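Q: Could you take me through one part of this structure slowly, as you would for a beginner? I would like to begin with a single charged residue and then see how its surroundings fit together.

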Amino acid sequence: MASRVFYPTFERHDHAAGLKAHATHYCAGCGHGLVHRYLAESIDELGIQDRTVAISPVGCAVFMYYYLDVGNTQAAHGRAPAVALGHKLANPGSIVISYQGDGDLASIGLAEIFSAAQLGVPLSVIFVNNAIYGMTGGQMAPTTLPGQKTTTSPEGRDRSMGQPLRVAEQMALLDGTSYVERVALYDAKQRLRAKKAIKKALQLQIEGRGVGFVEILAECPTHLKGSAADAETWVREVMVPFFPLGVKKDTTPESLPAWTPHGDPSFDADTVAALFGADEPEPIRTGEGLAATFGDHAALKLAGAGGDGAQTAALLLARAAIHEGLDATHIPSYGPESRGGTSYADVRMARHAVASPAVPEPDVLVAFNAPSLARFGPLVKRGGTILYDASVVPLAPELPEGVRVVGIPCSEIAASVGRVMVKNVVALGALLGITGLLPEATVLGAVRDALRGKPALLEMNERAFAAGLRTGRAARGAA
């Protein structure tokens, strides 16, 4: 029977319709699918679904959150153990799984996994080792075997490239690990052992006993350029002799006392403020433009393709808000799903402390291209504002009722003042003209500060800002 921990359909694939709604994105014969299955079954059997948090890596398993119906967080490359620690310390009763591949854990994340494991805070680490960078083109990984050919070692890995890391053996030497085992997936017997090891790593965390670490030798038929059966044979005959299977460490409960957190964390603002002797926070500044248009707080999302300047415009807005004495946050996202996808940034500004920098439902969207408008337009709050580049998007799609939609030919205006690249500054001026969000002098001051070392570009950006401001005011008056 299928595990309840798997979503019944996978929304990512073909809008959850047809056969694709029940298939993962993994290549045929990839080991990740089996590991997901054993992880889901173990969570189900242990009855911990409602308190489990899975940390997805950067790598082939980046979309694990589409498949497992548990708490999910997608970590930056190599930082899954640090994110896992944050979850565990913030919620000691949770069961946290750091799921990582060999490039993610053994390369960029090596310091993070060693540091997290040495602390001994109960975590379960699932380490999938297929000896290759699978997602990004088949480059040599820290676990690539001697003589193995990859796109970055076309003649085979030699001693000048260093020796492969035996991660399980190194993890077993750390004081904070309670259980370390290396397993494989190449036949039914090994798969049963893999399932048992995964379940044990979770059980130890339930008991609060250190870090459970399971290394799984997995197949990657795509980069081995063979069938699934060929890949299984390669793992058994080539990987296993270099990475011996078996338990590397198994500390008895008697010698490793259960972890006891230093009290439950508090998220109450007054309690936290009292710890630092702080009085109740007062509004930082009036913020007249903000208050007149949005009240005490505004959430903005700026989005476009790479090179459109959305990230720079967002940063300038955040700096301008800070210059106004407001609390402001800026958090960028460069589109993890594919190169050339939407790049966006979230900005929050408030007369009080901003609690979270994320903007799932913006008051304002500035969209520089059609994909960004289509993706984020439906998320804008009722009563909010959408500003889009009408030079690039001649006709806006159907958007939510009760949202003001304004098309400004930002690229065309930018070209008329000198260069299309200043369209983001045109958009800033237009945004202020439409909303009155911040004083124009403050935003222009942020632009001037950013160009302090590039005086030749200053005049053109000032003209771009002024042109956008005029156009925005005209659009506001026509509304």
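A: In this predicted model, Asp-389 is buried yet has no salt bridge. The nearest side chain of opposite charge belongs to Lys-423, 4.7 Å away. A salt bridge needs the side-chain nitrogen within 4 Å of a carboxyl oxygen, so at 4.7 Å Lys-423 does not make one with Asp-389.

Where does Asp-389 lie? Look for strand E12, which covers residues 385-389. Leaving out residues up to four places away in sequence, Asp-389 touches Ala-367, Phe-368, Ile-408, Pro-409, Cys-410, Ser-411 and Lys-423.

Now let us move to the helices. The buried residues of H16 pack against helix H13 (410-417), helix H14 (423-435) and H15. Which residues of H16 are buried? They are Met-460, Asn-461, Ala-464, Phe-465, Ala-467, Gly-468, Leu-469 and Gly-472. To see a pattern in such a list, remember that an α-helix has 3.6 residues a turn, so residues three or four places apart point the same way. You can also check the length of H16: at 1.5 Å a residue, its 24 residues should span 34 Å, and the end C-alpha atoms are 35 Å apart, which agrees.

H16 also takes part in a charged pair. The side chains of Glu-440 and Arg-473 meet in a salt bridge, with 2.4 Å from N to O. This pair links distant parts of the chain, for Glu-440 sits in helix H15 (residues 440-450) and Arg-473 in helix H16 (residues 455-478), 33 residues apart. Glu-440 is partly exposed, at 36% relative accessible area, and Arg-473 is partly exposed as well, at 45%. In general, side chains of opposite charge can pair when their charged atoms come close.

Elsewhere, salt bridges that share partners join Arg-37, Glu-41, Glu-45, Lys-195 and Lys-199 into one network. The salt bridges in the model come to 21.

Another of these pairs is Asp-296 with Arg-351, whose side chains meet at 2.3 Å, N to O. These two residues are 55 places apart and link distant parts of the chain: Asp-296 is in the loop between helix H10 (288-294) and strand E8 (297-304), while Arg-351 is in the loop between strand E10 (343-350) and strand E11 (364-367). Are the partners buried or partly exposed? Asp-296 counts as partly exposed because its relative accessibility is 37%, whereas Arg-351 counts as buried because its value is 18%.

A third pair joins Glu-232 and Arg-191 through a salt bridge of 2.8 Å, N to O. Here too distant parts of the chain are linked, with Glu-232 in helix H8 (residues 228-242), Arg-191 in helix H6 (residues 188-206), and their positions 41 residues apart. Glu-232 is partly exposed at 23%, and Arg-191 is partly exposed at 25%.

Let us go back to H14 and H15, because they lead us to another helix: the buried residues of H11 pack against E8, strand E9 (327-333), E10, H14 and H15. The buried residues of H11 are Ala-310, Gln-311, Ala-313, Ala-314, Leu-316, Leu-317, Ala-318, Ala-320 and Ala-321. Helix H11 (residues 310-323) has 14 residues and reaches 20 Å from its first C-alpha to its last, close to the 20 Å expected at 1.5 Å a residue. After H11 comes Gly-325, with a positive phi near 85°.

What about the nonpolar residues? In soluble globular proteins, nonpolar side chains tend to be buried together. The largest nonpolar core here has 48 residues, and Leu-300, Leu-302, Met-349, Leu-437 and Leu-438 touch the most other members. Apart from this core lies another, of 37 residues, including Ala-61, Leu-68, Leu-185 and Ala-218.

Finally, return to the backbone angle phi. Most residues other than glycine have a negative phi. Ala-131 is not a glycine, yet its phi is positive, about 65°. Ala-131 is in the loop between E4 and H5 and counts as buried because its relative accessibility is 0%. Lys-225 is not a glycine either and has a positive phi of about 60°. This lysine, Lys-225, is in the loop between helix H7 (221-224) and H8, and counts as exposed because its relative accessibility is 73%.

Terms used
Residues are numbered from 1 along each chain as its sequence is written. This is a predicted model: local features need pLDDT of at least 70, side-chain atom pairs count only at pLDDT 80 or more; totals for chains, interfaces and linings use all residues. Side-chain values use heavy atoms; hydrogens and water are left out. A nonpolar core is a set of buried Ala, Val, Leu, Ile, Met, Phe, Trp, Tyr and Cys residues joined through side-chain atoms within 4.5 Å. Buried means under 20% relative accessible area, exposed over 50%, partly exposed in between (1.4 Å probe, protein chains only). Helices (H or I, at least four residues) and strands (E, at least two) are DSSP runs, numbered from the N terminus. Lys and Arg count as positive and Asp and Glu as negative; His and the chain ends are not counted. Contact means heavy atoms within 4.5 Å. The expected span of a helix is 1.5 Å times one less than its number of residues.
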